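Visitor: Could you walk me through this one, starting wherever you like?
Guide: Gladly; have a look at it here and then ask away.

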Amino acid sequence: MSKISDLDTPAVLIDLDRVEANLKRAQDYADSHGLKLRPHIKTHKLPRFARLAMDLGAVGITVQKLGEAEVMADSGITEIFLPYNILGSAKLARLKALHERVHITVTADSAQTVAGLSATFADAAEPLTVLVECDTGMGRCGVQSPEAALALAQTIAASPGLVFGGLMTYPAAGQVEANQAFLSAAQDALIAADLAPTIISNGGTPDLWRAHEVTAATEHRPGTYIYMDRFQVSKDVGGFDDCALTVLATIVSRPTDDRAIIDAGSKALTSDTLGMDGFGLIEEYPEARIVGLSEEHGTIDLSACTDKPQFGDTVRIIPNHACVVSNLFDHVTLISGDDVVETVAVGARGRVG
């Protein structure tokens, strides 16, 4: 069996033991609070990990784009949630084709989106379940009030080919109380209108361990929890020892005593800072700062380090945002300890439409 030290760089390493521990910890938490778990595959994009989560008790998976759904359906996964406004004849035709072979549920936040779905599915053998997306504080997609959620739910319920399924939100981190207040008010309004929601789907990893406080929710959709990353550690979701994804890089230059250059730039490490200093944490040299990324180079400031890496050394970097890194590489290397288990293709990489 080969070792990590045998690998070419840059490479993405996925610690299988940490992956399984992270999945199991979240599933145990959800089970203990009577919540269903419907994890998001955007972080790993690997059918094998989607199936592993379901084997551990997840009720299905969440995807963000049709291309991701198609990859997962091709791998045999049949319970898929796609919380995205689907617009245009080409995408609607793909959605209908998926609906004919798997159970897929979608969201909408406008009457225009609902009209397109209804026109497509009016003659379908089975209706399409649609949830109303609610903006509970994130400031992205979603209806803006519980009253608007009720109005759109009524539109869905009255549309041929569609079934109103409930509510969905992707809340802002740290706004658990506001999220609960919105969803609870919308739930009450729907029940009063004889449109009791079957599903109220909450999401996000930063507030994963507070998901039970959103008592209106029936399920939770974490994504990054499977790998964790530097940002999630900053939010106390886990520790660095829980981070399953690292980028293996080589020191290719030492121009000065306080500067090192690695062979991992913006094409290997996300440029997202998410409010943090630098572009990742170097496990072997935590005092070092990755201060700049060009396409193929990463610049490291070693001025705070007592011990410093040398030319040709390899380092492992915990990125700020693991999800982006998964989409930068065609393949990832699965490891256990220092052993290389397997190198696998990132099945849903680049599926942006």
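Guide: What follows is a talk about helix contacts, empty spaces and backbone details, and the model is a predicted one.

Visitor: Okay, helices then. At what angle do the axes of helix 1 and helix 2 cross?
Guide: The axes of helix 1, residues 16-32, and helix 2, residues 47-55, cross at roughly 40° and come within 10 Å. The two helices are therefore oblique to each other, and their crossing is right-handed.

Visitor: Which residues make that contact?
Guide: Helix 1 brings L16, V19, L23 and Q27, and helix 2 brings F49, L52 and A53. Sorted by class, the residues of this contact are 6 nonpolar and 1 polar, with no charged ones.

Visitor: And helix 6 with helix 7, how do those cross?
Guide: The axes of helix 6, residues 146-157, and helix 7 come within 8 Å, with a crossing angle of roughly 45°. Helix 6 and helix 7 are therefore oblique, and the crossing is right-handed.

Visitor: Which residues are in contact there, and of what class?
Guide: From helix 6 the contact takes P146, A149, L150 and A153, while helix 7 supplies F182, A185, A186, A189 and L190. By class, the contact has 9 nonpolar residues, no polar and no charged ones.

Visitor: Switching topic: how many cavities of 30 Å³ or more are there?
Guide: The structure holds 3 of them. The largest cavity contains about 60 Å³ of space, and the second largest has a volume of about 50 Å³.

Visitor: What lines the largest cavity?
Guide: Its lining is made up of P171, A172, Q175, V176, N179, N202, G203, D207, R210, A211, V214 and H220. The elements that give two or more residues to this lining are helix 7, residues 176-192, and strand 8, residues 199-203. The class division is 5 nonpolar, 5 polar and 2 charged.

Visitor: And the second largest, which element gives the most to its lining?
Guide: Helix 2 does, with 3 residues. The lining residues include F49, A50 and A53, along with L23, H40 and Y225. F49, A53 and L23 are also among the residues that make the contact between helix 1 and helix 2. By class, the lining of the second largest cavity has 9 nonpolar and 3 polar residues, and no charged ones.

Visitor: What about pockets, how much space lies in the largest one?
Guide: About 940 Å³. There are 37 residues lining the largest pocket, and the closest to its centre are H40, K42, Q64, R140 and Y170. H40 also belongs to the lining of the second largest cavity.

Visitor: Which elements give two or more residues to the pocket lining, and how do its residues divide by class?
Guide: The elements are helix 8, residues 230-234, and helix 9, residues 322-326. The lining of the largest pocket divides into 16 nonpolar, 11 polar and 10 charged residues.

Visitor: Last thing, the backbone. Where is there a cis peptide bond?
Guide: T9 and P10 are joined by one, with omega at about -5°. P10 is placed in the segment before strand 1, residues 11-15.

Visitor: And what is the phi of D194?
Guide: Phi of D194 is near 60°, a positive value in a residue other than glycine. D194 is found in the loop between helix 7 and strand 8.

Visitor: Why point out those two spots?
Guide: Because most residues other than glycine have a negative phi, and most peptide bonds are trans.

Definitions and conventions:
Residues numbered from 1 in each chain as written. Predicted model: local features only at pLDDT ≥ 70, side-chain atom pairs only at ≥ 80, totals over all residues. Heavy atoms only, no water. Axes fitted to C-alpha atoms, helices over the stretch in contact; angles between N-to-C directions. Helix = DSSP H or I, 4+ residues; strand = E, 2+ residues; numbered from the N terminus. Parallel < 35°, antiparallel > 145°, perpendicular 65-115°, else oblique. Left-handed = near helix turned anticlockwise from the far one by under 90°. Contact = heavy atoms within 4.5 Å. Nonpolar A, V, L, I, M, F, W, Y, C, P; charged D, E, K, R; others polar. 1 Å grid on protein atoms, 1.4 Å probe; cavity = no way out; pocket = protein on both sides within 12 Å on 5 of 7 lines; lining within 4 Å. Points joined across faces, edges and corners; volume = space filled by probe spheres on them.
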